[in-house]
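I opened this entry to keep a record of what I looked up, starting with how two helices lie against each other and then turning to backbone angles in the loops.

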Amino acid sequence: MTQDAFSLIHLFEPGAAAAPPLLLLHGTGGNEHDLLPLGRIVAPGAALLSPRGAVTENGMPRFFRRLAEGVFDEADLRRRTAELAALVATARKRYGIAAPVALGFSNGANIAAALLMLDPAVLAGAVLIRPMVPLSEPPAADLAGKPVLMLSGAMDPIVPAENARRLAGQLEAAGAAVAHRVVPVGHGLSQADVGLAADWIRGLARPGAA
């Protein structure tokens, strides 16, 4: 676990140079250890960069503040997104890795979506598990051809289906190559998510894959 020149406490696992590195972004109450097993499963051999959210809510780590369930403190979100971008930039220099693909769950997926919109060059792509619209007025972003996988839960009590569709539409309007899949589960991570994420990440290495 390191911080020093970095903006966030994080863990880093080196990987094979040919595999795209993953930026692992946990959900509310998680930490830098939570998604390491998932990262190893969906992208064997990939370098893994896993930060801990710097905000706490009732003692639970998060990546940014919220005002209520599903209501985000957007000023804080923008500030924390800039901190995450700085972490990635420093990690790329320190560890010699390429631009990562974000793999985020819930709160982590939301800040990954914000990062795509606010600083598109930081990420090579993203897997967003149970995301929702992070910004009420998203900036004009150029995501031309950037691959994004969104995984929504058909029975998710937290993220309305319309909200997830709106986020997919915003990303597509910015030029991202979005694959939006709805799995027959609630908000929690499922085996279906693991399989879909692994297949999609493998596809990134195939010519012509989105």
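In this predicted model, I first looked up how helix α3, residues 107-118, lies relative to helix α4, residues 161-173. Their axes come within 11 Å and cross at roughly 25°, and because angles under 35 degrees count as roughly parallel, I noted α3 and α4 as roughly parallel to each other. For the handedness, I wrote down that α3 passes α4 in a left-handed crossing.

Next I asked which residues make the contact between α3 and α4. On the α3 side I found A113, L116 and M117, and on the α4 side L167, Q170 and L171. Sorted by class, this contact of α3 with α4 has 5 nonpolar residues and 1 polar residue, with no charged residues.

I then turned to the backbone, keeping in mind that most residues other than glycine have a negative phi.

The entry for S106 records a phi near 55°, which is a positive value in a residue other than glycine. I located S106 in the loop between β8, residues 101-105, and α3. Is S106 buried or exposed? Its relative accessibility is 14%, so I entered S106 as buried, the cut-off being under 20%.

The other entry is for R130, where phi is near 60°, again a positive value in a residue other than glycine. R130 sits in the loop between β9, residues 125-129, and β10, residues 147-153. With a relative accessible area of 1%, R130 is therefore entered as buried.

Note on methods. Residues are numbered from 1 along each chain as its sequence is written. This is a predicted model: local features need pLDDT of at least 70, side-chain atom pairs count only at pLDDT 80 or more; totals for chains, interfaces and linings use all residues. Side-chain values use heavy atoms; hydrogens and water are left out. Axes are lines fitted to C-alpha atoms, for helices over the stretch in contact, and angles run from 0 to 180 degrees between N-to-C directions. Helices (H or I, at least four residues) and strands (E, at least two) are DSSP runs, numbered from the N terminus. Angles under 35 degrees count as roughly parallel, over 145 as roughly antiparallel, 65 to 115 as roughly perpendicular and the rest as oblique. A crossing is left-handed if the near helix is turned anticlockwise from the far one by less than a right angle, and right-handed if clockwise. Contact means heavy atoms within 4.5 Å. Ala, Val, Leu, Ile, Met, Phe, Trp, Tyr, Cys and Pro count as nonpolar, Asp, Glu, Lys and Arg as charged, and the others, Gly among them, as polar. Buried means under 20% relative accessible area, exposed over 50%, partly exposed in between (1.4 Å probe, protein chains only).
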